[in-house]
Amino acid sequence: ATGRRFDSGELDGAPFAVVFTSTRCEAIGAYLGRVARDLGGKGDGDVLVISADPRRDTPGAVRGWLARNHIPAGGPLRFLVGEEDELSGLWSAWGFNGPSAECPAITTAHLVAGSGVNTGIVFLEASGSALALAGPLTALVNR
């Protein structure tokens, strides 16, 4: 929500998860808020949320979404926004068929080791335990 450019090199070899959603999706926002609190600043990985709905996901909408879901700015969660043509390369690279204003009941998260290797996918239910994502990220840190 800072409006500055982001490069995955900023993750400095740490594991991370990639999730596609929109600021319209409050249930997954609440879930990711729990994940962010579980991960805290412990170095247990980051979550990159990539906008699925660039028309709606403006920096202001992201700031509001983060605040409503008690996700601290500068924490382990980063919400990447941009124009559709800027995001389409990321969507394609991760197999996401965006754009989408849908808020599915189950969201996928791609797990990426610090080496940049995709190590798998976990399926997240918004009402589920934050450990479904925080646990695998922590395990990647401790490999």
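Start by selecting strand 2, helix 2 and strand 3 in this predicted model: together they make a right-handed β-α-β unit. Strand 2 covers residues 46-51, helix 2 covers 59-68 and strand 3 covers 77-80. Now hide the helix and look at the two strands. They pair in the parallel sense, over 4 bridges. To see how they line up, show Leu-48, whose bridge partner in strand 3 is Arg-78. Then add Val-49, which stands opposite Phe-79 of strand 3.

Next, bring in the rest of the sheet. Its 5 strands are arranged in the order 3-2-1-4-5, forming an open sheet with mixed pairing. Strand 3 and strand 5 stand at the edges with a single partner strand each, so one side of each has no neighbour in the sheet. If you turn the view, you can follow the twist: neighbouring strands are turned by 25° against each other on average, ignoring direction.

Two helices are worth colouring now. Helix 1 (26-39) lies across strands 1, 2, 3, 4 and 5 and runs at about 155° to strand 2. Helix 3, residues 84-93, lies across strand 1, strand 2 and strand 3, at about 125° to strand 2.

With the helices in place, move to the interior. Which residues have the most contacts inside the largest nonpolar core? Select Leu-32, Val-47, Leu-77 and Leu-133; the core they belong to has 27 residues. Among the elements giving two or more residues to this core are strand 1, strand 4, strand 5 and helix 4, while the largest share, 6 residues, comes from helix 1. Centre the view on Val-47 and look beyond its neighbours within four places in sequence: its contacts include Ala-17, Val-19, Leu-32, Val-35, Leu-39, Leu-77 and Leu-137. Apart from this core lies another, of 9 residues, among them Phe-16, Leu-48, Leu-80 and Trp-91.

Finish with the aromatic rings. The whole structure holds 3 aromatic pairs. Show Phe-20 and Phe-96 for a stacked one, with 4.6 Å from centre to centre and 5° between the planes. This pair links distant parts of the chain, because Phe-20 sits in strand 1 and Phe-96 in the loop between helix 3 and strand 4, 76 residues apart. Is Phe-20 buried or exposed? Phe-20 is buried, with a relative accessible area of 9%, and the cut-off for buried is under 20%. Last, add Trp-91 to the selection: ring pairs link Phe-20, Trp-91 and Phe-96 into a cluster.

Definitions and conventions: Residues are numbered from 1 along each chain as its sequence is written. This is a predicted model: local features need pLDDT of at least 70, side-chain atom pairs count only at pLDDT 80 or more; totals for chains, interfaces and linings use all residues. Side-chain values use heavy atoms; hydrogens and water are left out. A nonpolar core is a set of buried Ala, Val, Leu, Ile, Met, Phe, Trp, Tyr and Cys residues joined through side-chain atoms within 4.5 Å. Buried means under 20% relative accessible area, exposed over 50%, partly exposed in between (1.4 Å probe, protein chains only). Contact means heavy atoms within 4.5 Å. Two strands pair if DSSP finds at least two bridges between them. Axes are lines fitted to C-alpha atoms, for helices over the stretch in contact, and angles run from 0 to 180 degrees between N-to-C directions. A crossover is right-handed if, with the strands pointing away from the viewer, the path from the first strand over the helix to the second runs clockwise. Rings of Phe, Tyr and Trp (its six-membered ring) pair if their centres lie within 6.5 Å; planes under 30 degrees apart count as stacked, over 60 as edge-to-face and the rest as tilted.
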